[in-house]
Amino acid sequence: MTISEKDIPFIALNGVSKTYRSGSERLPIFAGLDLSIGKGEFIAVMGPSGSGKSTLLNLLAGIDQADSGSIQIGGQRLDQMGEAARSAWRAQHMGIVFQFYNLLPMLTAAENVELPLLLKSISGRVRRERVSKVLDIVGLNGRGRQSPTKMSGGQQQRVGIARAIVADPTLLLCDEPTGDLDRKSADQVLAMLGFLNRELGKTIIMVTHDPEAAAQAGRTLHLDKGVFVEDEQVMA
Amino acid sequence: MISSIRQITSMSRATLLSLPRRLAISLSMVGSIMLVVCVLCGFLAMARGFEITLQSAGSPEVAVILGGGTREETNSEIPAEVARTIMAMSEGISVVRDSRGTPLLSNEVIVPVEYRDHPDAAGEMLALRGMDPTGPDIRREVILSSGKYASPGTREIVVGAQLAATYPGFGIGEDVRLGPVVWTVSGHFSAQGSAFESELWGDIDAVRAAFNRVGEVQSLRLRLTEPSAIKQLAMAVDPLAGAQLKVLSEADLYASQSQGTSRLIQLFGWPIALLMAIGATAGALNTMMSSLSDRTAEIATARALGFNRLSAFVATWLEALLLSAVGVGLGLVLSWLTLNGWQTSTLGANNAQMSFRLVVNGDVMATAALVGIAIGAIGGALPAIAAARVPLTVALRARG
Ligand SMILES: Nc1ncnc2c1ncn2[C@@H]1O[C@H](COP(=O)(O)OP(=O)(O)OP(=O)(O)O)[C@@H](O)[C@H]1O
Ligand SMILES: [Mg+2]
């Protein structure tokens, strides 16, 4: 019996538990969560506020740690890596898009986009080429020298997406990327994510409250009370 | 490695570019460090200036003989016959002679006298030194700048440059009252800024007669052919043990005197400066903690992108060091401009006023700079560690 590449999950969570503790209070978020995601999937994660959507992304990004269980991405055990290794891993394989863009206001748009490239051994010339190429992709060519503080929300989020993809990661994590945008800007951003998934083969996990956003994804996971209650497969 | 350096420079650049957002509190840190540096420079310059003034008075080739087991001129007493015996011995000692063959040896007394520059001025204690006519020749750095030295047996005085500059009453030809007696100013001398410039010199017999000290000798000064001759001199006077004589070079005499006062200045100065430094460190800690909370979202974002902890640590610490360096720089410039060369006076040796200049030199500035930088380094260390440990989850929750 042969196993095709499609059968090995790109991301596999097994029995992941996470409880927040503050003082004597315990707030269990996940107790034995399982999840598997294939390479090239576009997943929407929905669920009520406080259900643990952001926590899930934090665990996948390695910026928070599970109490128990295993988190495997691309064959690597993220839960067994140390802090420095997880930082390096993020720099290498992951792009993150934030709800509030999280651009550094004192840097220009291009400098913001360049940040992930500084973590790699790439010459300044190549860095500038890559930055201008991704600004092109997100439709902000020629805006590199502008300060993000002078841009609209939609433009800022496109800078955020450019930054997330500039180092050519395999996985994109987006936490409510359209949560702070008007409909028109939101649609542009969603179209862009769809493009990245379809044309560039990025695996995308997007947390959203917006059903229209979820409709862009190939699969929607509903998270409630620490478990996925529904796992609908939308056939393309 | 290259990536790590790039991370550090890029994070540091972003941090420094964000400084204008926290201008006020950053300036308060700069200001408090500047203040500490100024205070430190102030008393160190005072101690340094005092030392230099006294030490430059001392030559290693001038021997001072004191009696009565003391190391201070004021308390010293050499019995008259002992003084005469030593004078008689000068043949056998390597003492320098002037052109007429007279050995450069001087009997001296020093008397604190009260002086009023004008009738309703407060009285100042000045040092009046009585000496033999050879006295000025023994001190090579002394130059008669105008007038003439006191003639033997007359109530004439020559005035050191510092006193002449301070008190208009010491003009040449003026009569001045010192204690019970009126003297005539016959000349002014300079001594390369040394402590002698704060003295009045008169003829030893006239001084002794005016203050009921006839026959008294406090110190004997001899100009030796070379510094090592002092051992020979000590051996020669050793048999006169009854007078409890001490033979030391003038350099040693002033060095030990200057140490006492310089230590005293530092003893008062350091605790004040250190207390201020502790306050400034607390201020720096506060400034840097607020800088950290101002930048938390940005640090967490960069860390979430993959920037390492070291870059967050270095960038924060660098900001603290930079702010303290600015404070140090301003403090040093200000101290140098306002304090260096500033003339002041204190009760020096011989219970009389001694004026000296504050000296803000290399080692004064280095010490002050070190303390100033240490304030930033210590105050910034904890916030820098906290920056390295910023919880990354705030990045996903942060607004703006
Ligand atoms: N560091 C933390 N310490 C304690 N409790 C936390 C922490 N982070 C999150 N929580 C709590 O855990 C729960 C889940 O948080 P999470 O951010 O994952 O929810 P979410 O599904 O993303 O919600 P939203 O839709 O509002 O963004 C919430 O109740 C939140 O208050
Ligand atoms: Mg959330």
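# Notebook: salt bridges, the A/B interface and some buried residues

I searched the whole structure for salt bridges and got 32 over all chains. The model is predicted, and I read every value below with that in mind.

**Entry 1. A pair within chain A.** I looked up Glu212(A) and found it in a salt bridge with Arg183(A), with 3.6 Å between the closest N and O atoms. The two residues are 29 apart and belong to distant parts of the chain: Glu212(A) is in helix H7 (residues 211–216) of chain A, and Arg183(A) is in helix H6 (residues 183–200) of chain A. I then checked accessibility. Glu212(A) counts as partly exposed because its relative accessibility is 48%. Arg183(A) has 34% and also counts as partly exposed.

**Entry 2. A long-range pair in chain B.** Next I took Glu298(B), which forms a salt bridge with Arg21(B); the closest N and O atoms are 3.0 Å apart. Here 277 residues separate the partners, with Glu298(B) in helix H8 of chain B and Arg21(B) in the loop between H1 and helix H2 (23–55) of chain B. I noted Glu298(B) as buried, since its relative accessibility is 11% and the cut-off for buried is under 20%. Arg21(B), at 39%, is partly exposed.

**Entry 3. A buried pair and its network.** I looked up Arg221(B) and found a salt bridge to Glu250(B), again with 3.0 Å between the closest N and O atoms. Arg221(B) sits in strand S9 of chain B and Glu250(B) in helix H8 of chain B, so this pair ties together parts 29 residues apart in sequence. How accessible is Arg221(B)? Its relative accessibility is 0%, so I wrote it down as buried. Glu250(B) is buried as well, with a relative accessible area of 1%. I followed the shared partners and arrived at one network of salt bridges, which joins Glu73(B), Glu108(B), Arg129(B), Arg139(B), Glu199(B), Arg221(B) and Glu250(B).

**Entry 4. The interface.** I then turned to where the chains meet. On the chain B side 25 residues are in contact with 32 residues of chain A. Between them the two chains bury about 2600 Å², and 59% of this is on carbon and sulfur atoms. How many salt bridges cross this interface? The rule finds two. One pair I looked up joins the side chains of Glu83(A) and Arg303(B), at 2.4 Å from N to O. I also looked for polar contacts across the interface and got nine residue pairs, both residues at pLDDT 80 or more. On the side of chain B that touches chain A, the elements giving two or more residues are helix H1 (2–17), helix H8 (250–305) and helix H11 (393–397) of chain B. H1(B) gives the largest share of that side, seven residues. I sorted this side by class and counted nine nonpolar, eight polar and eight charged residues.

**Entry 5. Helix H3 of chain B.** Which residues of helix H3 (residues 80–89) of chain B are buried? I listed Val82(B), Ala83(B) and Ile86(B). They lie on the same side of H3(B) because they cover an arc of only 100° around the axis. On the face turned away from that buried side I found the exposed residues Arg84(B) and Ala88(B). I also looked up what covers the buried residues of H3(B); the cover includes strand S1 (62–66), strand S2 (105–115), strand S9 (219–223) and helix H7 (229–237) of chain B. Strand S9 had already come up as the place of Arg221(B).

**Entry 6. Gly135(B).** This residue is in helix H4 (residues 135–138) of chain B. I recorded Gly135(B) as buried, given its relative accessible area of 0%. Its C-alpha atom is 7.2 Å from that of Leu105(B), a residue 30 places away along the chain. Leaving aside neighbours within four places in sequence, Gly135(B) is in contact with Ser106(B) and Glu108(B). Glu108(B) was on my list for the salt-bridge network in Entry 3.

**Entry 7. Gln155(A).** I ended in chain A with Gln155(A), which lies in helix H5 (residues 153–165) of chain A. Gln155(A) is buried, with a relative accessible area of 13%. With neighbours within four places in sequence left aside, I found Gln155(A) in contact with Leu140(A) and Arg143(A). I also checked Ala31(A): it is 124 residues from Gln155(A) in sequence and 39 Å away in space, C-alpha to C-alpha.

Conventions
Residues are numbered from 1 along each chain as its sequence is written. Chains are lettered from A and ligands numbered from 1 in the order in which they are written. This is a predicted model: local features need pLDDT of at least 70, side-chain atom pairs count only at pLDDT 80 or more; totals for chains, interfaces and linings use all residues. Side-chain values use heavy atoms; hydrogens and water are left out. Contact means heavy atoms within 4.5 Å. Buried area is the accessible area (1.4 Å probe) that two parts lose on being put together, summed over both. A salt bridge is a side-chain nitrogen of Lys or Arg within 4 Å of a carboxyl oxygen of Asp or Glu. A polar contact is a pair of N or O atoms within 3.5 Å; within protein, one must be able to donate a hydrogen and the other to accept it, and residues adjacent in sequence count only if both atoms are side-chain atoms. Helices (H or I, at least four residues) and strands (E, at least two) are DSSP runs, numbered from the N terminus. Ala, Val, Leu, Ile, Met, Phe, Trp, Tyr, Cys and Pro count as nonpolar, Asp, Glu, Lys and Arg as charged, and the others, Gly among them, as polar. Buried means under 20% relative accessible area, exposed over 50%, partly exposed in between (1.4 Å probe, protein chains only). The arc is that of the directions from the helix axis to the C-beta atoms.
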